[in-house]
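Biologist: Before I trust any label on a picture like this, I would like to hear what earns it. Could we go through the labels one at a time?

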Amino acid sequence: MDLRRGNLRIVHGNSNPALARDVCSCLNIRPCDARVGRFANGETDIKILESIRGDDIFVFQPTCSSEGSNVNQAVMELLLLIHTMKLSSARRVVAVIPHYGYARQDRKHASRVPISASAVAKMIVEMGVDGVVTVDLHCGQIQGFFHGCPIADLNPAVEFAEYAKTKQFDPNSLVVVAPDAGAVTRARRLGDRIGASRIVTILKRRVEANKVDSMQLVGEVNNCVCIIVDDMIDTGGTLCKAADVLKSYGAKEVHAWATHGILTDPACQRIMECDALVEVVVTDSIPQEQNVRKCPKIKIISIAELLAEAIRRIHHEESMEYVRQRTPQMAPAGGTYDEVDGLDAPLEEDEW
């Protein structure tokens, strides 16, 4: 224990307790004893079962649906957990939100609609949180909604690069696909890490949420292995249509990688019925046990080490600049997997 900083403690809600326990295991600590349940009338019931006075508390709660819970309940648990920690004389309270719900409602796309991403951020800040850690925000500008609050928006590109290494892709025929114009930067960063030969883009015309009217491909994918890269997969309709478009342009294989697998029904059914898709890789930012049972094409990679390192650095007041930079990069196009040692360039996502 550092007397100046207090103990490092993690308390979690009911959204993703498995990932919270994995993070605790990486840090060699145990989760804080707490009761997070509901009263008979449905109100959230929270009780911290041990003293946390003077400690650094990391409230671990993705705002997502899970078994027996929904997004709104997750948000309420997060807010009340933060409030409880402040009332319990914690030295510092940091919200760890691997998946930030309501992120897609980040601007007014029509008259008389809310900017929900901003509203949720304001509620979190109003609870008195001292910082926020999240993973792959849908839109980087959401960080500006947390007025006066430090934000660490982590990027799991290294985790995906490690997975790519196990697949032994040929860099000369590997293409990273941005499913829309907004995903080009994400695709470029991952493409650089895994040594993809080029980046291509799909231009789509969306008529309403989760419904796409038409798609056009910008770039060449003939006889290539394509990896569609996005921040999230929801109902899977757009993804499957994009995979079919790539296949029609001569792609040899189509994979899909996304940080957040929301996978709302009928996503698993669509993925299973899409012959163009070889596999879908998502992180465990959202619980995936049921989805994996329904859809064998779904593969899970863990972000526990990424989150654990960020938490450790914040607790010890170290720079967030080189989080997860120790992992080897992939081979460049035309090279081999043994030619690249390590990364020297810092992550661009350091906002802490």
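Modeller: Let us begin with pairing, where two strands count as paired if DSSP finds at least two bridges between them. Please keep in mind throughout that this is a predicted model.

Biologist: How do you know that S6 and S7 are paired, and how many bridges join them?

Modeller: There are 4 bridges between S6 and S7, and pairing asks for at least two, so the two strands qualify as a pair. They run parallel. Within this pair, Val-132 has Ile-151 of S7 as its bridge partner, while Thr-134 stands opposite Asp-153 in S7.

Biologist: What makes S5 a partner of S6 as well?

Modeller: The same test applies: S5 and S6 share 4 bridges in the parallel sense, and because at least two are needed, they are paired. Here Ala-95 has Val-132 of S6 as its bridge partner, and Val-132 is the residue whose partner in S7 is Ile-151.

Biologist: Which strands form the open sheet, and in what order?

Modeller: The order is S1-S4-S5-S6-S7, with 5 strands in parallel pairing.

Biologist: What makes a strand of this sheet an edge strand, and which strands are they?

Modeller: An edge strand pairs on one side only, and that is the case for S1 (8-12) and for S7. From one strand to the next, the twist averages 20°.

Biologist: Are the two faces of S7, residues 151-154, covered or uncovered?

Modeller: Both are covered, with Ile-151 and Asp-153 buried on one side and Ala-152 and Leu-154 buried on the other. The faces of S6 are covered too, by the same kind of evidence: Gly-131, Val-133 and Val-135 are buried on one side, and Val-132 and Thr-134 on the other. That makes 5 of the 5 residues of S6 buried.

Biologist: What lies across the sheet strands, and at what angle does each helix run?

Modeller: Helix H1 (residues 17-27) lies across S1 and S4 (56-60), running at about 170° to S1. Helix H2 lies across S1, S4 and S5, and it runs at about 165° to S5. The angles go from 0 to 180 degrees between N-to-C directions, so both of these helices run nearly opposite to the strand named with them.

Biologist: And what do the buried residues of H3 pack against?

Modeller: They pack against helix H2 (71-87), strand S5 (92-97) and strand S6 (131-135). The buried residues of H3 (residues 116-126) are Ser-116, Ala-117, Ser-118, Val-120, Ala-121 and Ile-124. As a general point, an α-helix has 3.6 residues a turn, so residues three or four places apart point the same way. After H3 comes Gly-128, with a positive phi near 95°.

Biologist: Which residues touch the most other members of the largest nonpolar core?

Modeller: That core has 33 residues, and those touching the most other members are Val-59, Met-85, Tyr-100, Ile-124, Val-132, Ile-142 and Phe-146. Two or more residues come from each of S3 (44-48), S4, H2, S5 and H3, and H2 gives the most, with 6 residues. A second, separate core has 32 residues, including Ile-228, Cys-240, Ala-276 and Val-282.

Biologist: What is Phe-146 in contact with, leaving aside its neighbours within four places in sequence?

Modeller: Its contacts are Tyr-100, Ala-121, Ile-124, Val-125, Val-132 and Ile-151.

Biologist: Why does Ser-15 count as buried?

Modeller: Ser-15 has 1% relative accessibility, and buried means under 20%, so the label fits. This residue lies in the loop between S1 and H1, and among the residues it touches are Cys-64, Ala-74 and Pro-287.

Biologist: How do you know that Ser-15 and Gln-61 make a polar contact?

Modeller: Their side chains are joined at 3.3 Å, and the cut-off is within 3.5 Å, so the pair passes. A polar atom of the Ser-15 side chain also lies 2.9 Å from the backbone oxygen of Pro-62.

Biologist: Why, then, does Pro-296 count as exposed?

Modeller: Exposed means over 50%, and Pro-296 has 51% relative accessibility, so it is given that label. Pro-296 sits in the loop between helix H8 (289-294) and strand S14 (298-301).

Biologist: What share of the whole chain is buried?

Modeller: Buried residues make up 54% of the 352 residues, in a chain with 9 helices and 14 strands.

Note on methods:
Residues numbered from 1 in each chain as written. Predicted model: local features only at pLDDT ≥ 70, side-chain atom pairs only at ≥ 80, totals over all residues. Heavy atoms only, no water. Buried < 20%, exposed > 50% of the residue type's maximum accessible area, 1.4 Å probe, protein only. Contact = heavy atoms within 4.5 Å. Core = buried A, V, L, I, M, F, W, Y, C linked by side-chain atoms within 4.5 Å. Polar contact = N/O pair within 3.5 Å; in protein donor to acceptor, adjacent residues only side chain to side chain.
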